[in-house]
Amino acid sequence: MNKNTSVSLGNYFDEFVQNIIRAGLGILEEEENKVIALKQAIQEGIDSGIAHDFDSKAHLEALKAKKHSNGST
């Protein structure tokens, strides 16, 4: 048997709870959008096929050079 309980929080706490719920839903929406973007990027990578002339060592060196030119360590 379910029992429902009602509590009056007053205007301040009612608005506070609503703001928390809104913020939580906003965070969930952002995370879902990240997941969707990641899935799309993965699918684009799969659809692009295999790069047969890919030089992993040259690519790694280019990434390192780019990282250092941006001031990162």
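**Figure 1. Leu9, a partly exposed residue ahead of helix α1.** Leu9 has a relative accessible area of 43%, so this residue counts as partly exposed. The model shown here, and in every view below, is predicted. Leu9 belongs to the segment that precedes α1, a helix covering residues 10-47. Leu9 is also one of the residues of a nonpolar surface patch.

**Figure 2. A nonpolar patch on the surface.** The patch measures about 1,000 Å². Its aromatic members are Tyr12, Phe13 and Phe16. Its aliphatic members are Val7, Leu9, Val17, Ile20, Ile21, Leu25 and Leu28. Within the patch, Tyr12 counts as exposed because its relative accessibility is 60%. Phe13 reaches 45% and is therefore partly exposed. Phe16, at 42%, also falls in the partly exposed class.

**Figure 3. Aromatic rings of Tyr12, Phe13 and Phe16.** Two values describe a pair of aromatic rings: the distance between the centres and the angle between the planes. Two aromatic pairs turn up in a search of the whole structure. One joins Tyr12 to Phe13: the ring centres are 5.0 Å apart and the planes meet at 80°, so this pair is edge-to-face. The other joins Tyr12 to Phe16 and is stacked, with 6.4 Å from centre to centre and 10° between the planes. Tyr12 and Phe16 sit four residues apart in helix α1, about one turn of the helix. Through these ring pairs, Tyr12, Phe13 and Phe16 are linked into a cluster.

**Figure 4. The salt bridge between Lys34 and Glu31.** The structure contains one salt bridge. Lys34 and Glu31 form it, and their closest N and O atoms are 3.3 Å apart. Both residues lie in helix α1, three residues apart, so about one helical turn separates them. Lys34 is exposed because its relative accessible area is 51%, and the class begins over 50%. Glu31 has a relative accessible area of 40% and is therefore partly exposed.

**Figure 5. Helix α1 from end to end, and the glycine after it.** How does the span of α1 agree with its 38 residues? At 1.5 Å a residue, the helix should span 56 Å. The C-alpha atoms at its ends are 55 Å apart, so the two values agree. Gly49 follows α1 and has a positive phi, near 85°.

**Figure 6. Ala58 in helix α2, viewed together with Ala37.** Ala58 is found in helix α2, which covers residues 56-69. Is Ala58 buried or partly exposed? Its relative accessibility is 42%, so Ala58 counts as partly exposed. Ala37 is 21 residues away from Ala58 along the chain. The C-alpha atoms of these two alanines are separated by 28 Å.

**Figure 7. The whole chain, as context for the close-ups.** The protein chain has two helices and zero strands. Its C-alpha trace spans about 65 × 35 × 15 Å along the principal axes. The radius of gyration is 24 Å, whereas a compact globule of 73 residues would have a value near 11 Å. How much of the chain is buried? Of the 73 residues, 0% count as buried. The accessible surface comes to about 7,300 Å². Carbon and sulfur atoms account for 57% of that surface.

Methods:
Residues are numbered from 1 along each chain as its sequence is written. This is a predicted model: local features need pLDDT of at least 70, side-chain atom pairs count only at pLDDT 80 or more; totals for chains, interfaces and linings use all residues. Side-chain values use heavy atoms; hydrogens and water are left out. Patches are made of residues with over 30% relative accessible area and no salt bridge: like charges are joined within 9 Å, nonpolar side chains (Val, Leu, Ile, Met, Phe, Trp, Tyr) within 5 Å. Accessible areas come from the Shrake-Rupley method with a 1.4 Å probe; for residues, only the protein chains shown count as cover. A salt bridge is a side-chain nitrogen of Lys or Arg within 4 Å of a carboxyl oxygen of Asp or Glu. Buried means under 20% relative accessible area, exposed over 50%, partly exposed in between (1.4 Å probe, protein chains only). Rings of Phe, Tyr and Trp (its six-membered ring) pair if their centres lie within 6.5 Å; planes under 30 degrees apart count as stacked, over 60 as edge-to-face and the rest as tilted. The expected span of a helix is 1.5 Å times one less than its number of residues. The radius of gyration is taken over C-alpha atoms; the globule rule is 2.2 Å times the number of residues to the power 0.38.
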